[in-house]
Amino acid sequence: MQALHGRSILVTGASSGIGAATARLLAGAGARITLLARRPDRLRQVAADCPDSKVIAADVGDWPAIERACADAAYDAVIANAGLARGVDPLQSGVPAEWSEVVDTNIKGVLHVIRATLPGMQARGRGDLVLLGSVAGRQVYPGGGVYCATKHAVRALYEGLRLDDPGSGVRYATIDPGLVRTEFGLVRFRGDADKAYAPYKGIQPLEPEDVADAILWVLTRPPHVNVGELVLWSTAQASTTKVHRKS
Ligand SMILES: NC(=O)c1ccc[n+]([C@@H]2O[C@H](COP(=O)([O-])OP(=O)(O)OC[C@H]3O[C@@H](n4cnc5c(N)ncnc54)[C@H](OP(=O)(O)O)[C@@H]3O)[C@@H](O)[C@H]2O)c1
């Protein structure tokens, strides 16, 4: 097991949900965390629980901002977690501006973070690049076409990274959870709490801390062990369309 003590780790989407839980857990294990998201107030709240941390308020879809923010950084690990969904409209009546937002964040945002941080890790001959995929990158569900397409793309990027860089010493992983209780639904349904929390009714979903725990495990394997793809389901969830609920 490798210690995290003193390692410098960038967590995108650290202002809430999985990213916030990951920042807190990795900081508790001794890592120095850089927390990145768009809302500085929420970032500062999470950073208060992370000793020796810093915050960057930026949009992952904004390449110049991400390039600038990462220019002088030397990260030992990067958790590319920022992501979102908008609505559940069928494709024939979807909203193009929402598609752009989801694609810009979930695909281009991940690409920007990779481009800004990977060359440094490769040059240093070590590092971890962990992408937050989803079971939506493996299965599609009704009304989820665009979001699922972006998470399939994340999986393709993960595979591309492995093929493009077999020898530098950097490890690549995609963590693919099912239902996790976060603010994801509130963002997807623009604050409609009834719709946002309906997927969690009658089940024990994954908690953000469960995903953070998996990320900690991935980062602390010995250097010759690259955990590649990790799929995490709630015990009650059989697929993206089948969930066993207690009535
Ligand atoms: N919840 C689930 O069931 C689930 C399941 C599988 C995978 N995932 C994935 O897990 C990741 C984290 O989601 P979550 O569930 O923790 O949702 P969340 O609580 O809504 O957190 C999303 C995070 O991403 C940040 N973010 C969104 N757009 C951004 C942008 N353009 N630039 C920078 N940061 C941005 C948000 O911060 P700001 O708004 O402050 O920018 C927030 O910190 C996402 O990639 C999501 O697709 C979630």
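**Entry 1. Loop residues with positive phi**

I began with Arg190, which lies in the loop between α6 (184-188) and α7 (193-197). The structure is a predicted model, and I read each value below as computed from that model. For Arg190 I noted a phi near 50°, a positive value in a residue other than glycine. I then looked up its accessibility: Arg190 has a relative accessible area of 53% and is therefore exposed, the cut-off for that class being over 50%.

I turned next to Asp52, in the loop between α2 (40-47) and β3 (54-57). Its phi is near 60°, again a positive value in a residue that is not glycine. The relative accessibility of Asp52 is 59%, so I entered this residue as exposed.

**Entry 2. Aromatic rings**

How many aromatic pairs does a search of the whole structure find? I recorded 2. I examined the pair formed by Tyr197 and Tyr200, whose ring centres are 6.1 Å apart. The planes of these two rings stand at 45°, so I listed the pair as tilted; planes under 30 degrees apart would count as stacked and those over 60 as edge-to-face.

Are the two partners buried or exposed? I found Tyr200 to be buried, with a relative accessible area of 9%. Tyr197 is at 36% relative accessibility and therefore counts as partly exposed.

I also looked for a charge over a ring. The charged end of Arg188 sits over the ring of Tyr147, at 5.6 Å from the ring centre.

**Entry 3. The second largest pocket**

I noted a volume of about 160 Å³ for the second largest pocket. Its lining consists of Gln2, Arg7, Asp76, Gly125, Arg126, Gly127, Asp128, Gly169, Arg171 and Pro223. I sorted this lining by class and obtained 5 charged, 4 polar and 1 nonpolar residues.

**Entry 4. Cavities**

I then asked how many cavities of 30 Å³ or more there are. The count comes to 2.

The largest cavity has a volume of about 130 Å³. I counted 16 residues in its lining, and those closest to the centre are Arg86, Gly87, Trp99, Gly143 and Val146. Which helices each supply at least two residues of this lining? I found α4 (96-124) and α5 (145-164) to do so. By class, I entered 7 nonpolar, 5 polar and 4 charged residues for the lining of the largest cavity.

The second largest cavity has a volume of about 30 Å³. I listed Thr12, Val60, Ala80, Asn81, Ala82, Thr105, Gly109, Val110 and Val113 as its lining. Helix α4 gives the most to this lining, with 4 residues. I found no charged residue in the lining of the second largest cavity, which divides into 5 nonpolar and 4 polar residues.

**Entry 5. His112 and Val60**

I stayed with helix α4 to look up His112, which lies in it. His112 is at 13% relative accessibility and so counts as buried. I checked its separation from Val60, a residue that I had already listed in the lining of the second largest cavity. His112 and Val60 are 52 residues apart along the chain, yet their C-alpha atoms are separated by 6.8 Å.

**Entry 6. Ile175 in strand β6**

I located Ile175 in strand β6, which covers residues 170-177. Is this residue buried or exposed? Its relative accessible area is 0%, so I recorded Ile175 as buried. I then took the separation between the C-alpha atoms of Ile175 and Ala212, two residues 37 apart along the chain, and noted 9.9 Å.

**Entry 7. Ser239 after β7**

My last lookup was Ser239, in the segment after β7 (229-232). At 15% relative accessibility Ser239 counts as buried, because the class holds residues under 20%. Which backbone atom lies 3.1 Å from a polar atom of the side chain of Ser239? I identified the backbone nitrogen of Thr241.

Definitions and conventions
Residues are numbered from 1 along each chain as its sequence is written. This is a predicted model: local features need pLDDT of at least 70, side-chain atom pairs count only at pLDDT 80 or more; totals for chains, interfaces and linings use all residues. Side-chain values use heavy atoms; hydrogens and water are left out. Rings of Phe, Tyr and Trp (its six-membered ring) pair if their centres lie within 6.5 Å; planes under 30 degrees apart count as stacked, over 60 as edge-to-face and the rest as tilted. Buried means under 20% relative accessible area, exposed over 50%, partly exposed in between (1.4 Å probe, protein chains only). A charge sits over a ring if NZ of Lys or CZ of Arg is within 6 Å of the ring centre and within 35 degrees of the ring normal. On a 1 Å grid over the protein atoms alone, a cavity is a set of points where a 1.4 Å probe fits but cannot get out, and a pocket is an open set with protein on both sides within 12 Å along at least five of seven lines; lining residues have an atom within 4 Å of a point. Grid points are joined across faces, edges and corners, and a volume is the space filled by probe spheres set on the points. Ala, Val, Leu, Ile, Met, Phe, Trp, Tyr, Cys and Pro count as nonpolar, Asp, Glu, Lys and Arg as charged, and the others, Gly among them, as polar. A polar contact is a pair of N or O atoms within 3.5 Å; within protein, one must be able to donate a hydrogen and the other to accept it, and residues adjacent in sequence count only if both atoms are side-chain atoms.
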